[in-house]
Amino acid sequence: MQEIGTNVASSGFNPLRLSIARSARGLKKVELAAKIGRSPAIITKWESAEYSHKPDEEDLARLSQSLRVDPTWFFKGLVSDGSASFFRSLRSELKSARDKTAAKLVFAHDIYEAAAQHIEFPYVDIPQIEESNSYKTLSMDRIDSIADQVRDYWGLGDGPIDDVLTVIENAGVIVADDYLVSKKLDGVSRWFDDRPVILLAKDKETGVRRRFDAAHELGHIILHRNVSDRQLIEDWQLIEDQAMAFAAAFLMPSSSFAHSVRDTSLDSLANLKPIWKVSIAAMLMRLRSLNLIDQTESKNLWKYYSYRKWRGNEPHDNQIDFEEPVNLASAIAMIAEDGLAELRKFLRDVGLLPDDLSSLAGVSEGTFALATRPKPRLKLVRNLDSVKSAAND
């Protein structure tokens with residue numbers, strides 16, 4: 001991504017970045033206007049590329065303070081290849097939550113881009129599939145086959161995956177996490193040019209949920225790179241079903257998982273949970289998709305599952321670690337170790353405050369304490385005698 005000039009009087013101000021920053025802070029136009037003492041109509045003009053009217057120096061300072069970004073942040077370009085941002089729900093009442101989450105995804109990409117000026121990240125190693133231009137042709141059997149191919153490509157074998165996030169990050173995917181406003185949002189993902197980014201929800205209670213969410217977003221990255229926003233709206237349920245099927249197949253390969261299931265009782269599945277690191281609910285759905293249980297048996301198992309009050313509180317939940325992304329945090333730590341000058345340059349490049357970096361990248365705010373502290377106004381005295389003489393005079 002190329003940066004645009006930072007002169008406010010120039011055309012370098014990026015209207016879309018103002019909209020993104022406002023969404024990231026959960027502010028409506030009228031609320032932002034009230035904060036900076038301007039009208040909502042002015043905010044609308046500033047956020048539109050159709051108007052030449054841009055904020056002046058004073059307005060820019062107010063916007064920067066209200067939206068908690070550096071003024072230079074508004075003058076960066078945006079990488080986009082037209083791909084959609086994938087959400088688990090498109091319900092209208094969640095629009096503001098989706099907008100905020102999509103904006104935080106841009107923040108995560110900005111953190112990566114600034115860090116990549118100092119640190120070499122894993123190159124993107126995502127296998128291409130033949131149907132990438134036509135998701136509508138994908139059958140569930142084909143998705144199973146794709147999941148197996150991805151495992152083979154990454155040398156994962158056909159057993160349980162020890163750490164899903166490590167696999168995903170090693171493939172060059174940027175992963176961040178944050179609190180996503182609504183419990184109904186589990187994560188979001190999209191491609192930024194040639195680099196995929198995933199943002200996961202921090203507030204999911206169990207490790208198995210985090211693993212499945214990560215695999216679900218990986219499914220979107222692999223299966224739906226060329227899906228547009230319009231196609232996502234038109235075929236949302238199909239696209240979500242495909243990502244869900246990929247996640248199940250990726251975490252529970254058909255042959256090896258089926259072989260491990262000695263019987264389909266809930267107690268037997270509970271014993272398999274610490275091994276496969278997936279929920280019992282996910283195993284029930286996988287068994288049905290593989291026709292290892294019929295519809296009647298599936299219905300009875302779900303009834304017993306509910307009777308035992310396992311929804312949201314399954315056995316062994318506390319035995320599966322809550323996996324955390326590490327690459328962004330490690331990159332920032334390495335930059336900090338390289339010295340204050342490099343850390344300050346990184347902070348200038350990213351244009352975000354330490355609290356955003358801490359939340360999204362999982363790095364302590366203390367990491368930035370020295371870099372953000374004002375420099376003392378002291379001068380080195382080299383000739384102490386002359387200074388004393390001048391003071392006495």
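Visitor: Why is helix α13 (residues 280–289) said to be largely enclosed by the rest of the structure?

Guide: Good place to start! In this predicted model, seven of the ten residues of helix α13 are buried, so the helix counts as largely enclosed by the rest of the structure. A residue is called buried when its relative accessible area is under 20%. The residues of α13 that pass this test are Ile 280, Ala 281, Ala 282, Met 283, Leu 284, Arg 286 and Leu 287.

Visitor: What covers the buried residues of α13?

Guide: The cover includes six other helices: α6 (140–153), α8 (207–223), α10 (236–251), α11 (254–260), α12 (266–276) and α14. Just after α13 you can also find Asn 291, with a positive phi of about 60 degrees.

Visitor: How do you know that strand β2 (residues 187–192) is largely enclosed?

Guide: Count its residues: six of the six are buried, so β2 is largely enclosed by the rest of the structure. You can check both directions, too. Gly 187, Ser 189 and Trp 191 point one way, Val 188, Arg 190 and Phe 192 point the other way, and all are buried.

Visitor: Why do the side chains of a regular strand lie on two faces?

Guide: That is the usual pattern, because side chains in a regular strand alternate between the two faces of the sheet.

Visitor: What makes β2 and strand β3 (residues 195–201) a pair?

Guide: Two strands pair if there are at least two bridges between them. β2 and β3 have six bridges, in the antiparallel sense, so they meet the requirement of at least two. As one landmark, look for Ser 189, which stands opposite Ile 198 in β3.

Visitor: And what makes β1 and β3 a pair?

Guide: Here the bridges number five, and the sense is parallel. Five again satisfies the rule of at least two, so β1 and β3 pair. Asp 178 stands opposite Ala 201 in β3.

Visitor: How do you know that strand β1 (residues 174–178) is mostly covered?

Guide: Five of its five residues are buried. Ile 174, Ala 176 and Asp 178 lie on one side, with Val 175 and Asp 177 on the other, and both faces are covered.

Visitor: What makes the phi of Asp 193 worth a look?

Guide: Its phi is near 60 degrees, a positive value in a residue other than glycine. Most residues other than glycine have a negative phi. You will find Asp 193 in the loop between β2 and β3, a hairpin with two residues between the strands.

Visitor: Why is Asp 193 called partly exposed?

Guide: Asp 193 has a relative accessible area of 40%. Buried would need a value under 20% and exposed one over 50%, so 40% makes Asp 193 partly exposed.

Visitor: Where does His 316 lie, and why does it count as partly exposed?

Guide: His 316 lies in the loop between α14 (295–307) and α15 (327–337). Its relative accessibility is 24%. The limit for buried is under 20% and for exposed over 50%, so His 316 counts as partly exposed. Its phi is near 70 degrees, a positive value in a residue other than glycine.

Visitor: Which residues of α15 are buried, and what do they pack against?

Guide: The buried ones are Asn 327, Leu 328, Ala 329, Ala 331, Ile 332 and Ile 335. They pack against α5 (95–115), α7 (164–170), β1, α16 (340–350) and α17. Following α15 comes Gly 339, with a positive phi near 125 degrees.

Visitor: Why does Ser 364 count as partly exposed?

Guide: Ser 364 has 48% relative accessibility. Being exposed requires over 50%, and being buried under 20%, so Ser 364 falls in between and counts as partly exposed. Look for Ser 364 in the loop between α17 (354–361) and α18 (369–372).

Visitor: What makes the approach of the Ser 364 side chain to Gly 366 a polar contact?

Guide: The side chain of Ser 364 reaches the backbone nitrogen of Gly 366 at 3.1 Å. The cut-off for a polar contact is within 3.5 Å, so that distance fits.

Visitor: How many helices and strands does the chain have?

Guide: The chain has 19 helices and three strands, and buried residues make up 50% of its 393 residues.

Note on methods: Residues are numbered from 1 along each chain as its sequence is written. This is a predicted model: local features need pLDDT of at least 70, side-chain atom pairs count only at pLDDT 80 or more; totals for chains, interfaces and linings use all residues. Side-chain values use heavy atoms; hydrogens and water are left out. Helices (H or I, at least four residues) and strands (E, at least two) are DSSP runs, numbered from the N terminus. Buried means under 20% relative accessible area, exposed over 50%, partly exposed in between (1.4 Å probe, protein chains only). A polar contact is a pair of N or O atoms within 3.5 Å; within protein, one must be able to donate a hydrogen and the other to accept it, and residues adjacent in sequence count only if both atoms are side-chain atoms. Contact means heavy atoms within 4.5 Å.
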